[in-house]
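Q: Could you take me through the sheet of this model, strand by strand where you can? I'd also like to know how the rest of the chain and the ligand surroundings fit around that picture.

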Amino acid sequence: MTLTGKVAVVTGGSRGIGLAIARALGARGAQVAITATSDATLRAAVAELGGGGAAVLPIRADVRRHAEMEEAIGQVVRRFGGLDILVNNAGIGLFRAVADMSVDDWQTIIDTNVSGVFYCCRVALPHLRARGGGWIINISSLASKNPFPEAAAYCASKAALNAFSEALMQEVRYDGIRVAYIMPGSVRTEFAARRPGSDDWRLSPDDVAQVVVDLVAHPSRSLPSAVEIRPSQPPRKG
Ligand SMILES: NC(=O)c1ccc[n+]([C@@H]2O[C@H](COP(=O)([O-])OP(=O)(O)OC[C@H]3O[C@@H](n4cnc5c(N)ncnc54)[C@H](OP(=O)(O)O)[C@@H]3O)[C@@H](O)[C@H]2O)c1
């Protein structure tokens, strides 16, 4: 599959899963813009991605701010001429019991993992329609379906993201815009809680990136709209 001539935006594309997705899309010929809030990680990502000769546009923009995402996606369209693929990957987890969670922590999770996706979709949709269609791929989590203690805000935010994705999918499918969400299990990134012992059982960010490129390669008559991906052999419980 080639993505030559296609333009992609990956939010939170400076590290972890987002960086792997940007690399995979770029390797197939897409022009890719990555967003994040820190200049330092964006610079490091561009040094890595650009080394392969791919066209990469780094943009400092916070998904929690609608105006910043409007400016960011506008910049992508001015630079590359349009938009075909939006990957809403930026997300955070703050893991605390509900009784210990501050109102600010709650708000930060909801603003990033839910409102941020709405802002990016809202801004991107007219550009995707202008191209006659495209993809919106939202990075959710298996935590959306398997809630666990000290993660109520995170699990709730990802469950909301699933519902948002399914509703949006039905709104825009007849415009040729295909919406899917991916629910990874534990992935080896800075985000994942460190546990003693080997990390080898976890998914690699590249495994999630592979799902993204597989989705985009699907024939247009088919829409795999939700994908679960989990480590094959996690540590046995008990
Ligand atoms: N790792 C896992 O085990 C796992 C499992 C299932 C799902 N996920 C989901 O996968 C996605 C990526 O996770 P990850 O593990 O790759 O995380 P990560 O390594 O912490 O990377 C997060 C990325 O998002 C950016 N980011 C954070 N807040 C942002 C904001 N407000 N605006 C714009 N960019 C922002 C970060 O850059 P800056 O810090 O510079 O802003 C970074 O590029 C998240 O949605 C997460 O919920 C992760």
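A: Happy to: here is a walk from the whole chain into the sheet, and then on to the ligand.

Please keep in mind that this is a predicted model. The chain has six helices and seven strands, and from the N terminus on they run β-α-β-α-β-α-β-α-β-α-β-α-β. The radius of gyration is 17 Å, close to the 18 Å that the globule rule gives for 238 residues, so the chain is as compact as a globular protein of that length. Along the principal axes, the C-alpha atoms fill a box of roughly 50 × 40 × 35 Å. As for burial, 41% of the 238 residues count as buried. Contacts reach far along the sequence: among those between residues at least 6 apart, 68% join residues at least 24 apart.

Now to the sheet itself. Seven strands form an open sheet with parallel pairing, in the order β3-β2-β1-β4-β5-β6-β7. Its edges are β3 (56-60) and β7 (226-229), each of which pairs on one side only. On average, neighbouring strands of this sheet are turned by 15° against each other, direction ignored. In general, strands of a sheet pair through backbone hydrogen bonds, either parallel or antiparallel.

Strand β4 (residues 85-88) is a good place to look closely. I85 and V87 point one way from β4, while L86 and N88 point the other way, and all are buried. Towards β1 (residues 7-11), β4 runs parallel and is joined by three bridges, with V87 of β4 as the bridge partner of V10. Towards β5, the pairing is again in the parallel sense, over four bridges, and here N88 has N138 of β5 as its bridge partner.

N138 then leads us one strand further. Its bridge partner in β6 is Y181, and six bridges join β5 (residues 134-139) to β6 (residues 177-184), which run parallel. You can therefore follow a bridge path from N88 to N138 and on from N138 to Y181.

Finally, the ligand. Of the 30 residues around the ligand, G12, G16, S38, G91 and F191 come nearest. The elements giving two or more residues to this shell are α1 (16-27) and β2 (31-36), and α1 provides the largest share, three residues. By class, the shell around the ligand holds ten nonpolar, 16 polar and four charged residues.

Definitions and conventions:
Residues numbered from 1 in each chain as written. Predicted model: local features only at pLDDT ≥ 70, side-chain atom pairs only at ≥ 80, totals over all residues. Rg over C-alpha atoms; globule rule 2.2 N^0.38 Å. Buried ≥ 20, exposed ≤ 12 C-beta atoms within 10 Å, placed from the backbone. Contact = placed C-beta atoms within 7 Å. Pairing = 2+ DSSP bridges. Axes fitted to C-alpha atoms, helices over the stretch in contact; angles between N-to-C directions. Near = placed C-beta within 6 Å. Nonpolar A, V, L, I, M, F, W, Y, C, P; charged D, E, K, R; others polar.
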